[in-house]
Amino acid sequence: MTTSLEGALDPTPENQAGTTEPAPRLSLDTAAARNLATTTKTPPQMQAISSRWLLKVLPWTQVSGGTFRVNRRLTHTLGNGRVEFYATGSEISVIPAELTELPGLAGFDDQATLQALAEACVQRDFVPGEVLLREGDAADRVVLIAHGKLSRRGRGAYDNETEFDVLADGDFFAADALTAVEPGAYQNGLTALTSGTVLTLARADFDRIAENSEALTAHLTAGRSRIPGQRNASGESEIALAAGHVGEPSLPGTFADYELSPREYELSVAQTVLRVHSRVADLYNEPMNQVEEQLRLTVEALRERQEHELVNNREFGLLHNADPRQRLHTRSGPPGPDDMDELLAAVWKEPSVLLAHPRAIAAFGRECNARGIYPAPAEFGGHSVAAWRGVPLLPCDKIPISKTGTSSVLALRTGMERQGVVGLHRTGIPDEYQPSLSVRFMGISEQAIISYLVSAYYSVAVLVPDALGVLQDVEIGH
């Protein structure tokens, strides 16, 4: 029997049964060698950690007593809010109490009369391009926008048609048509940008209800006599001044009146109880301390929740505390350069930053690309970030995206000295681990589990309304 040279050199020769035998190893296998090696490890990673730009850009104010009071000039509120509605199938009705958001009805509390006014509203559906009101028509009704976008248009300085702004859900138009002695004509018209629904309340119906309501008649009479000369353009009580005079006229006397019940912000808290078994803390601390790593990840989660609350909390969050006059709408859908300019104009007194969801920033980039506009980046905090008109445009994934694919863009002026937006916290608390964050030992249970109470205290305050602007309902889809 002879064996070929090729068969002798084959590392996996086949035996007579046709099976393949593995070649003998010439050195130690890597799987066995790993038993004697020290594995190089990373600290525990956490995908939920974000850049948290909002926490970085806010100047933090020490709140020693746990409560922060914002003192302001006395403001004559004229109901410059938004009207809310409820729907029953395809029928939409205005909530009666929401009619007090109209300037002429601010402070009126006769529920029976408000109910009668709400029932007198007439629903009207519209389609894109439809003209609801024309400039110069008799101002005989107020328009309450339940859903959709409308363009307020009129003649400009040189007789060309000009779009002055965009009205959308909750806005109203021509409220003076109800309460003015001589309502006159509409100074602007309304043209539909999208489909939607409005409710209209005619002046004739309003007058008929007022004739049967002594409370409403008295309220309207008092309102016409007290408001006009007592407030400046910002709605604050007027400070009487004299300028440009000659001779020796009698100078007006005045004082700066204050709000009698200023708003107070109490520090909010985010807490959790961190539990670590004593056996883990005693035995498994090399090369990384288990308690420290558990605590680090817990603190990161608390800070993420803190930023979420600063944006979304209904009591003090920025999205819910923007003044209605500081809420804007896009002209079409996506956030375009014109919309961002309008947003900056809303906080024109030294805007500090713009905040948007990363997908909203991408949508803005697509709009710029479509127009051939390429905004220059800005240096901020040692990073090169996107910017618009030199104002940093920072990502914030805590700004929500709705089910219909819309989000918001925030514009902030920050700082106490600039009457802006400030973060609130309390440093120097017991067992402080980070500023305004404490880690307090709670003891060891009978199951040998060590417990730590981890607490973060925070809030945010808008010192004056024009420190915060919100561009609402921006579409982020392609």
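**Exercise 1.** Find which residue follows α12 and give the sign of its phi.

*Solution.* Go to the end of α12; helices here are DSSP runs of H or I, at least four residues, numbered from the N terminus. Next comes G372, with a positive phi near 75°. A word on the ground rules: this is a predicted model, with local features needing pLDDT of at least 70, side-chain atom pairs counting only at pLDDT 80 or more, and totals for chains, interfaces and linings using all residues. Residues are numbered from 1 along each chain as its sequence is written, and side-chain values use heavy atoms, leaving out hydrogens and water.

**Exercise 2.** Work out where the buried residues of α12 sit around its axis.

*Solution.* Start with the span: α12 covers residues 358-371, and its 14 residues reach 20 Å from first C-alpha to last, close to the 20 Å expected at 1.5 Å a residue (that is, 1.5 Å times one less than the number of residues). Now pick out the buried ones (under 20% relative accessible area, 1.4 Å probe, protein chains only): A360, I361, A363, F364 and C368. They span an arc of only 160° around the axis, so they lie on the same side of α12; the arc uses directions from the helix axis to the C-beta atoms.

**Exercise 3.** Describe what joins domain 1 and domain 2.

*Solution.* Take the bounds from an automatic or database domain assignment: domain 1 is 53-60 + 264-475, domain 2 is 85-223. Their centres, over C-alpha atoms, are 37 Å apart. Next, count contacts (heavy atoms within 4.5 Å): six residues of domain 1 touch six of domain 2. Finally, one salt bridge is counted between the domains (a side-chain nitrogen of Lys or Arg within 4 Å of a carboxyl oxygen of Asp or Glu).

Methods:
Helices (H or I, at least four residues) and strands (E, at least two) are DSSP runs, numbered from the N terminus. Buried means under 20% relative accessible area, exposed over 50%, partly exposed in between (1.4 Å probe, protein chains only).
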